[in-house]
Amino acid sequence: MRLLSRRALLWGTVGTLGAVTALGAGSLVACNRRLAEADPREAAVRLAEALPEVFAPRRLAAHWHEGGQPEALLQALQSRPAMRRALAADCPASRRALVRAEIAADFAAGDICIVDRLVVSRTEALVASLCRRYV
């Protein structure tokens, strides 16, 4: 006596894969909602979750003086493709991965700063400076 026929196993597998696909699509939608309007305070709060990706954020923020006003910092961050997506992402893990990717792209492009004897990407300096003002 057989417990499961091939047909039942096939339909069970298809149903399971369909459910996993639906959950994955729902997660993607939930983690990538767009912000209506980003203000510097909101951006700083969102990026503070990605501060572990920034090397010595307090030290950078204290010694980097090129940033200017918070609106200028936010505009500079939004001009970078991965940072624009990071600011729009609701998922903290996605945000951290996008910040890490933008930092790597800065180093690859040679967009670096020397701040208090540290060689860092310009994105790291921007994030640290913006977060210092609000978080």
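**Exercise 1. Find the helix that holds A72, and decide whether A72 is buried or exposed.**

Step 1. Locate the residue: A72 sits in helix α4. Helices here are DSSP runs of H or I with at least four residues, strands are runs of E with at least two, and both are numbered from the N terminus.

Step 2. Look up its accessibility. A72 has 36% relative accessibility, so A72 counts as partly exposed. The cut-offs are these: buried means under 20% relative accessible area, exposed means over 50%, and partly exposed lies in between, with a 1.4 Å probe and protein chains only.

Step 3. Look across the chain. A72 and P40 are 32 residues apart along the chain, and their C-alpha atoms are separated by 9.1 Å.

A word on the model before you go on. This is a predicted model, in which local features need pLDDT of at least 70 and side-chain atom pairs count only at pLDDT 80 or more, while totals for chains, interfaces and linings use all residues. Residues are numbered from 1 along each chain as its sequence is written, and side-chain values use heavy atoms, with hydrogens and water left out.

**Exercise 2. Describe the protein chain as a whole: its elements, their order and its surface.**

Step 1. Count the elements: the protein chain has seven helices and two strands.

Step 2. Put them in order. Along the sequence the pattern reads α-α-α-α-α-α-β-β-α.

Step 3. Turn to burial and surface. The chain has 135 residues, and 33% of them count as buried. Its accessible surface is about 8500 Å², with 59% belonging to carbon and sulfur atoms. Such areas come from the Shrake-Rupley method with a 1.4 Å probe, and for residues only the protein chains shown count as cover.

Step 4. Check the contacts, meaning heavy atoms within 4.5 Å. Among contacts with a separation of 6 or more, 72% join residues 24 or more positions apart.

**Exercise 3. Work out which helices the buried residues of α5 pack against.**

Step 1. List the buried residues. In α5, which covers residues 81-88, these are A82, M83, A86, L87 and A88.

Step 2. Recall a rule that helps with such lists. An α-helix has 3.6 residues a turn, so residues three or four places apart point the same way.

Step 3. Name the partners: the buried residues of α5 pack against α2 (40-48), α4 (70-78), α6 (92-109) and α7 (122-134).

**Exercise 4. Compare how α4 and α2 each meet α5.**

Step 1. Begin with α4. Its angle with α5 is about 110°, and the two axes are 6 Å apart. That makes α4 roughly perpendicular to α5. Axes are lines fitted to C-alpha atoms, for helices over the stretch in contact, and angles run from 0 to 180 degrees between N-to-C directions. Roughly perpendicular means 65 to 115 degrees; under 35 is roughly parallel, over 145 roughly antiparallel, and the rest oblique.

Step 2. Name the residues. L74, L77 and Q78 of α4 meet M83, R84 and L87 of α5. By class, this contact has four nonpolar, one polar and one charged residues. Ala, Val, Leu, Ile, Met, Phe, Trp, Tyr, Cys and Pro count as nonpolar, Asp, Glu, Lys and Arg as charged, and the others, Gly among them, as polar.

Step 3. Now take α2. Here the angle with α5 is about 90°, with axes 9 Å apart. That makes α2 roughly perpendicular to α5. A43, R46 and L47 of α2 meet M83, L87 and A88 of α5. This contact has five nonpolar, no polar and one charged residues.

**Exercise 5. Trace the polar neighbours of E102 and R80.**

Step 1. Place E102 in helix α6. With 8% relative accessibility, E102 counts as buried.

Step 2. Find its close atom pair. A polar atom of the E102 side chain lies 3.3 Å from the backbone nitrogen of A82.

Step 3. Move to R80, in the loop between α4 and α5. R80 has 11% relative accessibility, so it counts as buried.

Step 4. Find its partner. The R80 side chain makes a polar contact with the D106 side chain at 2.9 Å. A polar contact is a pair of N or O atoms within 3.5 Å; within protein, one must be able to donate a hydrogen and the other to accept it, and residues adjacent in sequence count only if both atoms are side-chain atoms.
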